[in-house]
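Okay, thanks for coming, everyone. I'll put the structure up and then walk you through the parts I'd like us to look at together.

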Amino acid sequence: MKLTERIDGLFDSGKAPNLHGIVILQDGEQIYERYGQGEDYILGESLGEVRFDADTLHDVRSVSKSVVALLYGTALAQGKVPGPDEPLLPNFPEYPDLVADPAKARLTVGHALTMTLGLDWDESVPYTSSANSEIAMEEAPDRYRYVLERPFTAEPGLTWHYCGGATTLLGSLIAKGTGRPLEEYARTALFEPLGITFEWSTGADGVALAPAGLRLRPRDLAAIGQLVLEGGRDVVPGTWIEELLKPRIKIDEGFEYGYQWYVGPTWAAGMGNGGQRLFLMPGRRLVAAVAAGDYENFAQPSTAAVMDELVRE
């Protein structure tokens, strides 16, 4: 049975009830597109029951992190942001007490890109609770200070630990370096060249939520994946694409992390709460963009069922 027939079977059988939309490309051509129906949210705000179609924007949640990494590489090529090996704290001179902290001097931009800051951070609880560090960050008077003043729980660079605060810092570096809000830089540097429609949710201060605020159509998410698969074309430097997809820190067996991208032996991916996925299989020249509604279910069963079919030969 062909891949497209197997994905149809997931929709038709109800085995993946929270699938909202899937687009699959192979060799740069769209081979599959289908949409479902279900309750959806903009972050924690319910949109009620939604009948999805090709023009429906959908939260991509933490796939936003992988897009921020693409933007970072573009800004780096323009000389607007510091390189991965450069120290992190000097880029936040508004916090002189933290800049002067010799322990924090160990932090580099690369530690933020790889989520190896070693800071105290916990996103293992639902994103509806202030016990979740990302929510606590957004409730803090100053999100950047909140991240940077976290105590160390590990030596920087040695251990991967999921941290939306790392992406928040990267978003700030992009905005500072380019002199433009993150979403406006994204518009001209990435989305307009690809003809992409987008929204970027903001915090209470009006600043775009770098770790999780991006909203895209699955077609457009797939187009970003195709851009990566093709080495960035003239939009993102090809050398940066190679760098961000290099496995840099082990998460689990066969499961590593690059620069804000997950990397496996035959695949690379951006992943988000609820089952949002941008999944690349370079050897098969395949891109899949998945929008789903398994929010706060860390097993993401609907998207997991899709992934099982995608990796089958």
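Let's start with one residue: at 42% relative accessibility, Arg285 counts as partly exposed. Before I go on, keep in mind that what's on the screen is a predicted model.

So where does Arg285 sit? It's in the loop between β12, residues 276-281, and β13, residues 286-292. And its backbone is a bit odd: phi is near 55 degrees, a positive value in a residue other than glycine. For background, most residues other than glycine have a negative phi.

There's another case like that. Leu43 isn't a glycine either, and it has a positive phi of about 50 degrees. You'll find Leu43 in the loop between β3, which is 37-42, and β4, which is 45-51. Leu43 counts as partly exposed because its relative accessibility is 26%, and the cut-off for buried is under 20%.

Now, those strands β12 and β13 take us to a sheet. Which order do its strands come in? Reading across, you get β2-β1-β13-β12-β11-β10-β9-β8, so to speak: 8 strands in an open sheet, with antiparallel pairing. The edges are β2 and β8, the latter being residues 249-252, and each of those pairs on one side only. If you zoom in on the β2 end, β1 and β2 pair in the antiparallel sense over 6 bridges, and Val23 stands opposite Glu33 in β2.

Next, the helices that go with this sheet. Take α1, residues 3-13. Its buried residues are Leu3, Thr4, Arg6, Ile7, Leu10 and Phe11. They cover an arc of only 165 degrees around the axis, which puts them on the same side of α1. The general reason for that kind of pattern is that an α-helix has 3.6 residues a turn, so residues three or four places apart point the same way. What covers them? The cover includes β1, β2 (that's 29-35), β13 and α11. And right after α1 comes Gly14, with a positive phi near 80 degrees.

Then there's α11 itself, residues 301-311. Here the buried ones are Ser302, Thr303, Ala305, Val306, Met307, Glu309 and Leu310. Yes, there's a Glu on that list, Glu309, and it's buried. The buried residues of α11 pack against α1, β1 (19-26), β12 and β13. So to speak, α1 and α11 turn up on each other's lists: α11 among the cover of α1, and α1 among the partners of α11.

One more helix on this sheet: α2, residues 63-77, lies across β11 (268-272) and β12, running at about 130 degrees to β11. Ala77 belongs to α2. Is Ala77 buried or exposed? Exposed, because its relative accessibility is 56%, and the cut-off is over 50%. If you're wondering about spacing, the C-alpha atoms of Ala77 and Thr168 are separated by 20 Å, and those two are 91 residues apart along the chain.

Okay, on to another sheet. This one is open too, with 3 strands in the order β5-β7-β6 and antiparallel pairing. β5 (58-59) and β6 (198-200) stand at the edges with a single partner strand each, so one side of each is left without a neighbour in the sheet. Between β6 and β7, residues 214-216, there are 3 bridges, and the two run antiparallel. Phe198 is opposite Leu216 in β7 there.

Now a helix pair. The axes of α8, residues 182-194, and α9, residues 218-229, come within 10 Å and cross at roughly 105 degrees. That makes α8 roughly perpendicular to α9. The contact is between Leu190, Phe191 and Leu194 in α8 and Ala223, Ile224 and Leu227 in α9. By type, that's 6 nonpolar, no polar and no charged residues.

Last stop: Thr159, in the loop between α6 (143-148) and α7 (164-178). Thr159 is partly exposed, with a relative accessible area of 43%. What does Thr159 touch, leaving out residues up to four places away in sequence? Met115, Thr116 and Ile249. The C-alpha atoms of Thr159 and Thr108 are separated by 14 Å, with their positions 51 residues apart along the chain.

That's my tour, so let's open it up for discussion.

Notes:
Residues are numbered from 1 along each chain as its sequence is written. This is a predicted model: local features need pLDDT of at least 70, side-chain atom pairs count only at pLDDT 80 or more; totals for chains, interfaces and linings use all residues. Side-chain values use heavy atoms; hydrogens and water are left out. Two strands pair if DSSP finds at least two bridges between them. Helices (H or I, at least four residues) and strands (E, at least two) are DSSP runs, numbered from the N terminus. Buried means under 20% relative accessible area, exposed over 50%, partly exposed in between (1.4 Å probe, protein chains only). Contact means heavy atoms within 4.5 Å. The arc is that of the directions from the helix axis to the C-beta atoms. Axes are lines fitted to C-alpha atoms, for helices over the stretch in contact, and angles run from 0 to 180 degrees between N-to-C directions. Angles under 35 degrees count as roughly parallel, over 145 as roughly antiparallel, 65 to 115 as roughly perpendicular and the rest as oblique. Ala, Val, Leu, Ile, Met, Phe, Trp, Tyr, Cys and Pro count as nonpolar, Asp, Glu, Lys and Arg as charged, and the others, Gly among them, as polar.
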